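Morning, everyone. Please pull up the sequence and the model, and keep both in view while I talk.

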Amino acid sequence: MKNSAALTAALLLGTALTAHAADAKTNWDDLCAKCHGTDGKGQTKMGKKLKIADLTYPAVQAKFTDAQAVVAMKEGITDQSGKQVMKPVEGLSEEDMKALVPLVRALAK
Ligand code: HEC
């Protein structure tokens with residue numbers, strides 16, 4: 001009895017984690033793609049306006065760490081003149097943001 005409860009809990013947790021992993025792509029498409037593009041190249045109206053870096057280039061990816069990527073989502077990005085070019089992402093938990101990092105990294109592969 002005890003074991004089956006543990007098993008059920010493990011299964012439920014497994015389902016939650018799987019659902020979460022799928023969500024990163026949805027979050028990217030919903031919250032990030034309007035600037036970065038679904039492919040990360042930034043060839044969108046907003047992306048072109050912001051002269052956004054092409055995230056498919058390893059050299060661009062090398063400019064930030066995984067932790068900095070999360071900070072960028074949390075706090076946004078300000079350019080040299082102090083203008084906020086990427087707003088802090090709204091409605092995502094820390095976990096959601098962390099889940100987006102491997103997706104961002106995979107854009108350059
Ligand atoms: C309003 C447009 C906009 C949106 C929406 C946006 N970004 Fe950005 N993002 C930018 C700009 C501009 C930069 C600045 C870097 C550059 O292109 O030179 C940037 C940079 C980044 C970087 C590099 C961080 C660094 O330190 O250089 C990451 C990672 C990133 N964005 C991830 C995301 C993710 C993930 C989302 C969605 C949750 C997102 N962005 C949504 C505009 C946007």
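Let me start with a question: does Cys32 count as buried or exposed? Cys32 counts as buried, because its relative accessibility is 12% and the cut-off for buried is under 20%. Cys35 falls under that cut-off too: its relative accessibility is 15%, so Cys35 counts as buried. Now, two cysteines may make you think of a disulfide. A disulfide is a covalent bond between the sulfur atoms of two cysteines. How many disulfides does a search of the whole structure find? The search finds 0.

One caution before we go on. This is a predicted model. Every number I give is computed from it.

Next, the overall layout. The protein chain has 109 residues, and 30% of them count as buried. Its secondary structure comes to 5 helices and 2 strands. Start at the N terminus and read along: the order is α-α-α-α-β-β-α. So you can follow four helices, then the two strands, then a helix at the end, because that is how the elements run.

Now the metal. Which residues coordinate the iron atom of the ligand? His36 does it through NE2, and Met86 through SD, at 2.0 to 2.2 Å. Find them on your screens. His36 sits in helix H1 and Met86 in strand E2, so the pair ties together parts that are 50 residues apart in sequence. How open are these two residues? His36 is buried, with a relative accessible area of 16%. Met86 is at 21% relative accessibility, so Met86 counts as partly exposed. The cut-off falls between them: buried means under 20%.

What about the geometry? Ideal angles at a metal are 90 or 180 degrees for six octahedral donors. Here, 6 donor atoms surround the iron atom of the ligand, and they subtend angles of 84 to 179 degrees. That makes the arrangement octahedral.

On to the empty space. Rolling a probe the size of a water molecule over the atoms shows where empty space is left. The largest pocket holds about 1,200 Å³ of space. Its lining has 36 residues. Which of them lie nearest the centre of the pocket? They are His36, Ile52, Ile77, Val85 and Met86. You have already met two of these: His36 and Met86 coordinate the iron.

Where does the lining come from? Several elements each supply at least two residues, including helix H1 (2-36), helix H4 (66-75) and helix H5 (94-106). Helix H2 (45-49) and the strands E1 (77-78) and E2 (84-86) do so as well. H1 gives the largest share, with 6 residues. By type, the lining divides into 22 nonpolar, 6 polar and 8 charged residues.

Let's walk through helix H2 and what follows it. Gly47 lies in H2. At 1% relative accessibility, Gly47 counts as buried. Its C-alpha is 5.9 Å from that of His36, and the two are 11 residues apart in sequence. Lys49 also lies in helix H2. Lys49, however, is exposed, with a relative accessible area of 67%. Measure along the sequence and Lys49 is 36 residues from Val85; in space, C-alpha to C-alpha, the gap is 10.0 Å.

Just past the helix comes Lys51, in the loop between H2 and helix H3 (58-61). What stands out about its backbone? Lys51 has a positive phi of about 50 degrees although it is not a glycine. Lys51 is exposed, at 73% relative accessible area.

Two more stops. Asp79 is in the loop between E1 and E2. Asp79 is partly exposed, with a relative accessible area of 30%. The C-alpha atoms of Asp79 and Leu50 are separated by 10.0 Å, with their positions 29 residues apart along the chain. Then there is Lys74, in helix H4. Lys74 is partly exposed too, at 39%. Lys74 and Glu94 are 20 residues apart in sequence, and their C-alpha atoms are 8.3 Å apart in space.

To close, back to the iron. His36 and Met86 coordinate it, and both are among the residues nearest the centre of the largest pocket. Take that picture with you. Thanks.

Terms used. Residues are numbered from 1 along each chain as its sequence is written. This is a predicted model: local features need pLDDT of at least 70, side-chain atom pairs count only at pLDDT 80 or more; totals for chains, interfaces and linings use all residues. Side-chain values use heavy atoms; hydrogens and water are left out. On a 1 Å grid over the protein atoms alone, a cavity is a set of points where a 1.4 Å probe fits but cannot get out, and a pocket is an open set with protein on both sides within 12 Å along at least five of seven lines; lining residues have an atom within 4 Å of a point. Grid points are joined across faces, edges and corners, and a volume is the space filled by probe spheres set on the points. Ala, Val, Leu, Ile, Met, Phe, Trp, Tyr, Cys and Pro count as nonpolar, Asp, Glu, Lys and Arg as charged, and the others, Gly among them, as polar. Donors are N, O and S atoms within 2.8 Å of the metal (3.2 Å for Na, K and Ca); water is not among the atoms, so sites may look incomplete. Four donors count as tetrahedral if all angles lie between 85 and 135 degrees; four count as square planar and six as octahedral if opposite donors are over 155 degrees apart and all others between 65 and 115; anything else is irregular. Buried means under 20% relative accessible area, exposed over 50%, partly exposed in between (1.4 Å probe, protein chains only). A disulfide is a pair of cysteine sulfur atoms within 2.5 Å.
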